[in-house]
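User: I'd like to learn how to read a structure like this, one feature at a time. Can we start with the basic terms and go from there?

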Amino acid sequence: MRPNDPDRRTRIARAAIEVVAERGIEGLTHRSVAAAAGVPLGSTTYYFQTLDDLLEVALRQAAADNVRRLREWEESLPQDAEFAVALAELVMGYVRDQQPSTVVEYDLYVAALHRPRLRTVSMAWDQALTELFGSRTDPITGRLLAGLFCGLVMQVVIADPSPPYSEVETLFRRAIDGPAEHAGRMHRP
């Protein structure tokens with residue numbers, strides 16, 4: 001390793017994500033991150049004095065990686081793509097193809113419930129999703145889709161059996177198109 005290692009901070013951040021993936025938030029220590037990053041213990045404490053510092057950088061890195069992947073996904077969609085179908089496929093792909101990274105991303109995101117300093121990062125992640133989905137719809141629908149997307153990904157990861165694809169697509173379709181004409185009407189006697 002070179003004495004001047006400009007990528008060390010980033011490697012430590014990615015190692016923190018790996019440690020959370022393997023051991024959960026409770027398993028995150030400076031020592032475990034240093035070992036995963038292949039750096040001296042002093043490097044982790046130099047860049048990140050506290051465990052909350054490590055959690056924050058891991059959350060920032062996970063959010064940036066996730067938003068980058070989502071932007072690439074959105075840019076690859078044809079303009080005339082049926083967005084509800086594309087979103088349903090994306091949710092199912094998060095579980096089918098990316099479950100380990102999806103679980104760690106949610107672990108880090110939810111850590112903000114008990115660590116107020118992480119809330120800004122989690123909220124920025126939410127805003128990025130809202131803007132991304134709103135670029136295909138409108139700002140309000142984008143916010144609705146961001147919340148639905150996050151909730152459905154979590155449900156599909158946790159549920160056994162997970163909801164069927166058709167149900168996920170129907171939920172996105174409803175969020176985008178609104179209620180069917182006959183749905184939601186109350187019948188009065």
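Analyst: Sure. Helices here are DSSP runs of H or I at least four residues long, numbered from the N terminus. Keep in mind that this is a predicted model.

User: Okay. How many helices and strands does the chain have?

Analyst: The secondary structure comes to nine helices and zero strands. Read along the sequence, that gives the pattern α-α-α-α-α-α-α-α-α. The C-alpha trace spans about 75 × 35 × 30 Å along its principal axes, and 44% of the 189 residues count as buried.

User: Now salt bridges. What's the general idea?

Analyst: Side chains of opposite charge can pair when their charged atoms come close. This structure holds 11 salt bridges. Take E56 and R60: their closest N and O atoms are 2.8 Å apart.

User: Where do E56 and R60 lie?

Analyst: Both are in helix 4, residues 51-76. They sit four residues apart, about one turn of the helix.

User: And are those two buried or exposed, and why?

Analyst: Buried means under 20% relative accessible area, exposed means over 50%, and partly exposed is in between. E56 has 17% relative accessibility, so E56 counts as buried. R60 has 46%, so R60 counts as partly exposed.

User: Which parts of the chain does the salt bridge between R69 and E105 tie together?

Analyst: First the pair itself: R69 and E105 form a salt bridge with their closest N and O atoms 2.6 Å apart. R69 lies in helix 4 and E105 in helix 6, so the pair ties together parts that are 36 residues apart in sequence. On the accessibility side, R69 is partly exposed at 24%, while E105 counts as buried at 4%.

User: Got another one that links distant parts?

Analyst: Yes, R136 forms a salt bridge with E74, and the closest N and O atoms are 2.6 Å apart. R136 is in the loop between helix 7 and helix 8, E74 is in helix 4, and the two are 62 residues apart. Both R136 and E74 are buried.

User: Which residues are joined into one network by salt bridges that share partners?

Analyst: That network is made of D53, E56, R60 and R117. You've already met E56 and R60 as a pair.

User: Let's move on to cavities. How do I think about those?

Analyst: Rolling a probe the size of a water molecule over the atoms shows where empty space is left. In this model there is one cavity of 30 Å³ or more. About 110 Å³ of space lies in the largest cavity.

User: Which residues line the largest cavity?

Analyst: The lining consists of N66, Y94, E105, Y106, Y109, W125, L129, F149, C150 and V153. Helix 6, helix 7 and helix 8 (139-158) are the elements that give two or more residues to that lining. By class, the lining has eight nonpolar residues, one polar and one charged. Notice E105 in the list: E105 is also the salt-bridge partner of R69.

User: Last one, the surface. Which residues form a nonpolar patch there?

Analyst: V110, L113, M154 and I158 do, with about 370 Å² of accessible area together. Look at L113 in the loop between helix 6 (99-110) and helix 7 (119-134).

User: Why does L113 count as exposed?

Analyst: Because L113 has a relative accessible area of 59%, and the cut-off for exposed is over 50%.

Terms used: Residues are numbered from 1 along each chain as its sequence is written. This is a predicted model: local features need pLDDT of at least 70, side-chain atom pairs count only at pLDDT 80 or more; totals for chains, interfaces and linings use all residues. Side-chain values use heavy atoms; hydrogens and water are left out. Patches are made of residues with over 30% relative accessible area and no salt bridge: like charges are joined within 9 Å, nonpolar side chains (Val, Leu, Ile, Met, Phe, Trp, Tyr) within 5 Å. Accessible areas come from the Shrake-Rupley method with a 1.4 Å probe; for residues, only the protein chains shown count as cover. A salt bridge is a side-chain nitrogen of Lys or Arg within 4 Å of a carboxyl oxygen of Asp or Glu. Buried means under 20% relative accessible area, exposed over 50%, partly exposed in between (1.4 Å probe, protein chains only). On a 1 Å grid over the protein atoms alone, a cavity is a set of points where a 1.4 Å probe fits but cannot get out, and a pocket is an open set with protein on both sides within 12 Å along at least five of seven lines; lining residues have an atom within 4 Å of a point. Grid points are joined across faces, edges and corners, and a volume is the space filled by probe spheres set on the points. Ala, Val, Leu, Ile, Met, Phe, Trp, Tyr, Cys and Pro count as nonpolar, Asp, Glu, Lys and Arg as charged, and the others, Gly among them, as polar.
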